[in-house]
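Please open the model in your viewer and keep the sequence panel beside it, since each stop on this tour begins with a selection to make.

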Amino acid sequence: EKSHSRFLFAPSQQSKALLRSGMEIEMEKCVLLFHFEEQKAQKLKKALSRLGLAVKQVEPEEYGLPLGLIAGLPGSFLFAGRNAGSGSQPAAGPEETEPDQEMLVFSGITRQELDKVLDAMRRSGVSGIALKAMLTETNRFWNARQLVWELKREHEAMHGRLGMAND
């Protein structure tokens with residue numbers, strides 16, 4: 001059992017070759033749900049499946065895994081450690097905050113598609129989710145705790161600037 005789990009996250013030879021060549025890997029269109037109550041998650045899954053999106057409710061024990069791995073992005077586990085400290089991590093600070101409120105992470109979705117997703121969420125009665133992010137080449141190596149910390153830091157910075165602009 002122990003030796004089997006060692007290979008559980010190994011990327012395919014094709015994805016290794018793509019990563020070595022620097023080619024961009026196409027992301028599966030999916031939405032990751034963090035800290036959602038089951039009823040709201042089911043409502044969201046129903047609305048987003050109509051748009052052809054895979055929806056995954058992420059369990060707390062997965063919060064420490066790279067977001068790219070959770071989203072099914074090839075090579076995310078293998079290369080996560082390599083990028084530590086290379087500027088791909090959130091800005092200096094505690095860098096990890098346990099997700100204590102709902103958060104959505106969109107993977108492989110264009111800006112146009114995002115508008116459709118947000119519209120579908122509104123129409124289904126799912127709104128008020130403050131923490132939202134697109135999976136990027138940078139944050140795909142972060143875990144959920146790091147992303148929450150960064151999103152909250154950005155939110156505070158934006159509100160500070162907005163408050164100053166209104167003075």
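The tour goes through a β-α-β unit, two helices and two nonpolar cores.

Bear in mind throughout that this is a predicted model. Begin by selecting strand E1 (30–34) together with strand E2 (residues 54–58), and you will find the two running parallel, joined by 5 bridges. To see one of these pairings, pick Cys30, whose bridge partner in E2 is Ala54. Now add helix H3 (residues 38–49) to the selection, and E1, H3 and E2 together show a right-handed β-α-β unit.

Stay with H3, which has 12 residues and reaches 16 Å from its first C-alpha to its last, close to the 16 Å expected at 1.5 Å a residue. Show the side chains of Ala41, Leu44, Ala47 and Leu48, which are buried in this helix. Looking down the axis of H3, you will see that its buried residues fall within an arc of 130 degrees, so they line one face of the helix. The cover over these buried residues includes E1, E2, E3 and H6, while the face turned away from them carries the exposed residues Gln39 and Lys46.

Next, select helix H6 (residues 111–123), whose 13 residues reach 19 Å from the first C-alpha to the last, close to the 18 Å expected at 1.5 Å a residue. Its buried residues are Leu114, Val117, Ala120 and Met121. Because they cover an arc of only 120 degrees around the axis, they lie on the same side of H6. H3, E3 and E4 are among what covers them, and on the other side of H6 the exposed residues are Arg111, Gln112, Asp115, Lys116, Arg122 and Arg123. Following the chain past H6 brings you to Gly125, whose phi is positive, near 85 degrees.

Now turn to the largest nonpolar core, which has 19 residues, and of these select Leu32, Phe34, Met103, Val105 and Leu147, the members that touch the most others. Which elements give two or more residues to this core? They are strand E1, helix H4 (67–70), strand E3 (103–107), strand E4 (131–134) and helix H7 (144–166), with the largest share, 4 residues, coming from H7. Centre the view on Leu147, which, leaving aside residues up to four places away in sequence, touches Leu67, Met103, Val105, Ala133, Asn139 and Trp142.

As a last stop, select Val31, Leu53, Val117 and Val126, which are among the 15 residues of another core lying apart from the largest one.

Note on methods
Residues are numbered from 1 along each chain as its sequence is written. This is a predicted model: local features need pLDDT of at least 70, side-chain atom pairs count only at pLDDT 80 or more; totals for chains, interfaces and linings use all residues. Side-chain values use heavy atoms; hydrogens and water are left out. A nonpolar core is a set of buried Ala, Val, Leu, Ile, Met, Phe, Trp, Tyr and Cys residues joined through side-chain atoms within 4.5 Å. Buried means under 20% relative accessible area, exposed over 50%, partly exposed in between (1.4 Å probe, protein chains only). Contact means heavy atoms within 4.5 Å. Two strands pair if DSSP finds at least two bridges between them. A crossover is right-handed if, with the strands pointing away from the viewer, the path from the first strand over the helix to the second runs clockwise. The expected span of a helix is 1.5 Å times one less than its number of residues. The arc is that of the directions from the helix axis to the C-beta atoms.
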